[in-house]
Amino acid sequence: LQTSPELCMKRLVSAGAERIFQVTRAFRRGESGALHNPEFTMVEWYAVGTTHHEQMDFVESLVRELHAAATDDGEHRNAADGSEAAIAAEARAGLSSSPFRRLTYSEAFRNSLGVEDVLRCDAGRLARLAASAGVRAPDSVSATDVDRDTWLNLLLAERVQPNLGRNVPEFMYDFPASQAALARVRAGDPPVAERFELYWRGVELCNGYQELTDADELRERIQQQNALRRREGKRTLPAPTTLLAAMDFGLPECSGVALGFDRLAMLLLGARRLDAVTAFPFERC
């Protein structure tokens, strides 16, 4: 069961496919709740010769097209919560005229927490910021053992994300270089990952990259990630050997996006939970 079609799709791009998309099922173990289901619908695409900023333009046009299709459907019903027509109308109102907003990761943290240049904060400073914002480390770990990226993710989830895209959908881009995943890192002071996410009403809808094309850099990232996992007592992850071989052959300059279709449908229809737009959510399987 694939967690994402990403690796195979990049192999296709390396083999000469220039613009490809897939509407598919993806599976994530242990993810279940109002906004998560172990099985979900993902729309993923890649385009050679495009930038992640151009992908933001494309995502906005796609969401607007789907919004137009949902606008005249009349009153929508959420089987779990009752009528959600008013919520749907309010949600779609933000798409009617205003362009989607764009802000950097640092700007999002400054707007929500008043911190200047969060990308320069070390773990100690982030721990103090979390304490002042009332954000605690998980009970499973000591606060002194929480690293920089964990604090960033906690602050993002608890204090920043709920404020993103409240009325108009909002793109957040230029992530910490340490959170690049398979995105390219742009040199700078500090360097940033050329990655973006779209948020609407505090819900993350998609993740996009200017794709990493250097196989050796990917190998180094995998080694670093596995070293960290070993220190934390976690199982190491296998190297994606087929993808690395394809990248050695040559992955052209490209950008890609993965969009959670169920979440987008949920918001367009004014629902509050994924089970309102999922035929058989985990609880009913």
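So, arginine 195: its charged end sits over the ring of phenylalanine 175, 4.3 Å from the ring's centre. Keep in mind that this is a predicted model, so please read every distance I give as a computed one.

Okay, on to the aromatics. How many aromatic pairs does the structure hold? Five. Let me walk you through one of them, tryptophan 45 with phenylalanine 58. Those two rings meet edge-to-face, with 5.5 Å from centre to centre and 70° between the planes. Where do the two partners come from? Tryptophan 45 belongs to strand E2, residues 39–48, while phenylalanine 58 belongs to helix H2, residues 52–71, so the pair ties together parts that are 13 residues apart in sequence.

And is tryptophan 45 buried or exposed? Tryptophan 45 counts as buried, because its relative accessibility is 7% and the cut-off for buried is under 20%. Phenylalanine 58 has a relative accessible area of 41%, so that one goes down as partly exposed. There's also an aromatic cluster, made up of Phe100, Phe171 and Phe196.

Now the insides. In soluble globular proteins, nonpolar side chains tend to be buried together. Here, the largest nonpolar core has 29 residues. The members that touch the most others in that core are Tyr105, Phe109, Leu113, Val118, Leu126, Leu155 and Met172. Which elements give two or more residues to this core? Three helices and two strands: H4 (105–113), H5 (123–132) and H6 (148–160), then E6 (170–176) and E8 (192–200). H6 puts in the largest share, six residues.

If you want one residue to click on, try leucine 126. Leaving aside residues up to four places away in sequence, leucine 126 touches Val118, Cys121, Arg148, Trp151, Leu152 and Leu155. There's a second, separate core too, with 25 residues, including Val63, Phe100, Phe196 and Leu267. You'll recognise Phe100 and Phe196 from the aromatic cluster a moment ago.

Last bit, the whole chain. We've got nine helices and ten strands, and of the 285 residues, 45% are buried. Take the contacts between residues at least 6 apart in sequence: 69% of those join residues at least 24 apart. As for the outside, the accessible surface comes to about 14600 Å², and carbon and sulfur atoms account for 51% of that.

That's my tour. If you open the model afterwards, start at arginine 195 over phenylalanine 175, then go and look at tryptophan 45 with phenylalanine 58.

How values were computed
Residues are numbered from 1 along each chain as its sequence is written. This is a predicted model: local features need pLDDT of at least 70, side-chain atom pairs count only at pLDDT 80 or more; totals for chains, interfaces and linings use all residues. Side-chain values use heavy atoms; hydrogens and water are left out. A nonpolar core is a set of buried Ala, Val, Leu, Ile, Met, Phe, Trp, Tyr and Cys residues joined through side-chain atoms within 4.5 Å. Buried means under 20% relative accessible area, exposed over 50%, partly exposed in between (1.4 Å probe, protein chains only). Helices (H or I, at least four residues) and strands (E, at least two) are DSSP runs, numbered from the N terminus. Contact means heavy atoms within 4.5 Å. Accessible areas come from the Shrake-Rupley method with a 1.4 Å probe; for residues, only the protein chains shown count as cover. Rings of Phe, Tyr and Trp (its six-membered ring) pair if their centres lie within 6.5 Å; planes under 30 degrees apart count as stacked, over 60 as edge-to-face and the rest as tilted. A charge sits over a ring if NZ of Lys or CZ of Arg is within 6 Å of the ring centre and within 35 degrees of the ring normal.
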